[in-house]
Amino acid sequence: MTAAKIALVGAGLAGLTLARQLADHGVEITVFDKARGPGGRFANRRTESGVFDLGCQLLTARTPAFTQQLQKWQQEGLLAPWPASGSLTGIGRMSRLTRYLSQGLSLQQNTRITRLQRDEQGWWLQTDQMEFYGPYTQVVLATPASQAAALLPPQAEEMAEQLGRVEEAPAWVAYFAFNQPTGISVALEDDPSPDIRRITCLSSKPAQEAAPELWLVEASASWSQQHLDEKASTVATRLLHLWQTTTDQGCLSHPQLLGAHRWLYGRCHKALQQAYLADSNLGLYACGDYCLGADAEAAWQSAQALAKALQETIQ
Ligand SMILES: Cc1cc2nc3c(=O)[nH]c(=O)nc-3n(C[C@H](O)[C@H](O)[C@H](O)COP(=O)(O)OP(=O)(O)OC[C@H]3O[C@@H](n4cnc5c(N)ncnc54)[C@H](O)[C@@H]3O)c2cc1C
């Protein structure tokens with residue numbers, strides 16, 4: 001039997017959790033990601049005014065297994081309680097956790113996979129630079145469902161049908177730094193208006209500087225869809241105005257810095273309710289938050305379940 005040599009596309013929480021599990025059990029696995037660093041929707045933006053978490057803000061657990069995992073990460077100094085949210089958050093920034101998970105992994109960053117091909121030797125991954133990586137015995141797609149679907153080869157019909165059932169929505173987020181205190185006392189507010197999904201005071205997180213005050217405004221799925229192709233600078237200004245009209249807690253001064261980031265597949269709206277996808281004849285697998293839900297716990301659970309199944313297949 002040929003030793004497993006796995007290619008994994010996507011270094012978000014799901015991909016890194018899976019890769020970590022398999023690598024710790026001696027499996028040869030290479031992780032590919034199109035971004036400059038690992039983390040996926042745990043990513044942040046560094047600016048001269050501070051670091052903004054652009055995606056996932058806090059971690060909560062519904063299941064005992066994830067509760068235990070969060071405790072472990074907390075003990076390892078990666079997470080801390082965030083009183084404003086009643087949950088845990090990354091100390092300093094969320095990507096501290098995903099950076100930690102990526103340590104020691106074979107990680108190929110800045111590498112956008114555009115095509116998967118299989119021949120008698122195994123799987124080959126093609127990049128947008130027309131490079132080829134392979135052959136691999138198995139491929140795991142740990143990207144949002146829409147991005148996984150775009151990579152499927154024609155023979156993966158069933159997986160294509162399953163991925164097609166998932167619904168994912170975009171999320172625009174705007175970030176602001178203020179020199180003067182805003183005077184807003186609510187540090188985390190979910191669904192304050194139909195157009196705003198969440199308002200977060202990032203400076204209220206543990207280990208953050210008090211000044212300048214850093215805020216993030218996440219638009220609702222419908223607002224984000226409506227303004228999908230607008231320029232980031234226009235979106236940032238629009239969301240500042242929306243926030244201004246939503247808050248009754250004083251007048252927001254002009255921010256010293258503002259910007260916006262678009263998550264094309266920000267949040268999952270209709271999950272599969274199936275822990276992972278597998279075509280063991282092809283040696284093709286998929287996992288991610290959309291399998292079980294729309295948050296970090298769902299991503300972690302999906303990856304854990306697939307890691308267990310792969311370990312049983314490989315050994
Ligand atoms: C604004 C926002 C706020 C959120 N807040 C919370 C929160 O507070 N709590 C919570 O639990 N969850 C939150 N979530 C959801 C949470 O972030 C996600 O559920 C989770 O991070 C998904 O992890 P993942 O590994 O499944 O996917 P991702 O993190 O999206 O990882 C997928 C990776 O695949 C890579 N990739 C995609 N296509 C390719 C390709 N072709 N080639 C190479 N690489 C590729 C991407 O670059 C990315 O790194 C939030 C999401 C958003 C957008």
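## Around the ligand

Of the 37 residues around the ligand, the ones that come nearest are Gly10, Gly12, Ala14, Gly40 and Asp295 (a residue is near a molecule if its C-beta atom, placed from the backbone, lies within 6 Å of it). Four elements give two or more residues to this shell: α1 (13-24), β12 (167-178), β16 (257-270) and α9 (296-314). Helices here are DSSP runs of H or I with at least four residues, strands are runs of E with at least two, and both are numbered from the N terminus. This is a predicted model, where local features need pLDDT of at least 70, side-chain atom pairs count only at pLDDT 80 or more, and totals for chains, interfaces and linings use all residues. Residues are numbered from 1 along each chain as its sequence is written.

Sorted by class, the shell has 19 nonpolar, 10 polar and 8 charged residues. For that split, Ala, Val, Leu, Ile, Met, Phe, Trp, Tyr, Cys and Pro count as nonpolar, Asp, Glu, Lys and Arg as charged, and the others, Gly among them, as polar. Both domain 1 (5-48 + 94-166 + 275-314) and domain 2 (168-269) give residues to the shell, so the ligand lies between them.

## Overall build

The protein has 9 helices and 18 strands. Its C-alpha trace spans about 65 × 40 × 35 Å along the principal axes. A compact globule of 315 residues would have a radius of gyration near 20 Å, and the protein agrees, with 20 Å (taken over C-alpha atoms; the globule rule is 2.2 Å times the number of residues to the power 0.38).

As for packing, 45% of the 315 residues count as buried. Buried means 20 or more other C-beta atoms within 10 Å of a residue's own, exposed means 12 or fewer, and partly exposed is in between, with C-beta atoms placed from the backbone. Among contacts with a separation of 6 or more, 64% come from residues 24 or more positions apart; two residues are in contact if their C-beta atoms, placed from the backbone, lie within 7 Å.

## How the two domains meet

The bounds of domain 1 and domain 2 come from an automatic or database domain assignment. Their C-alpha centres lie 30 Å apart, and 12 residues of domain 1 are in contact with 8 residues of domain 2. On the domain 1 side, β3 (44-47), α4 (145-151) and α8 (289-292) each supply at least two residues, and α4 gives the most, with 3. By class, that side of domain 1 has 5 nonpolar, 4 polar and 3 charged residues.

## The nonpolar core

The largest nonpolar core has 92 residues, and Leu8, Leu18, Val140, Ala174 and Cys287 have the most contacts inside it. A core here is a set of buried Ala, Val, Leu, Ile, Met, Phe, Trp, Tyr and Cys residues joined through C-beta atoms within 7 Å. This one draws at least three residues from each of domain 1 and domain 2.

Take Ala174: leaving aside neighbours within four places in sequence, it touches Val217, Val235, Ala236, Leu239, Leu240, Leu258 and Ala260.

## Two residues to click on

Trp82 lies in strand β5 (residues 79-82) and is buried, with 22 other C-beta atoms within 10 Å. Beyond neighbours within four places in sequence, Trp82 is in contact with Leu58, Ser87, Leu88, Thr89, Lys205 and Pro206. The C-alpha atoms of Trp82 and Pro206 are separated by 6.2 Å, though the two residues are 124 apart along the chain.

Ser280 lies in the loop between β17 (277-279) and β18 (284-286). Ser280 counts as exposed because it has 11 C-beta neighbours inside 10 Å. C-alpha to C-alpha, Ser280 and Leu310 are 9.6 Å apart, with their positions 30 residues apart in sequence numbering.
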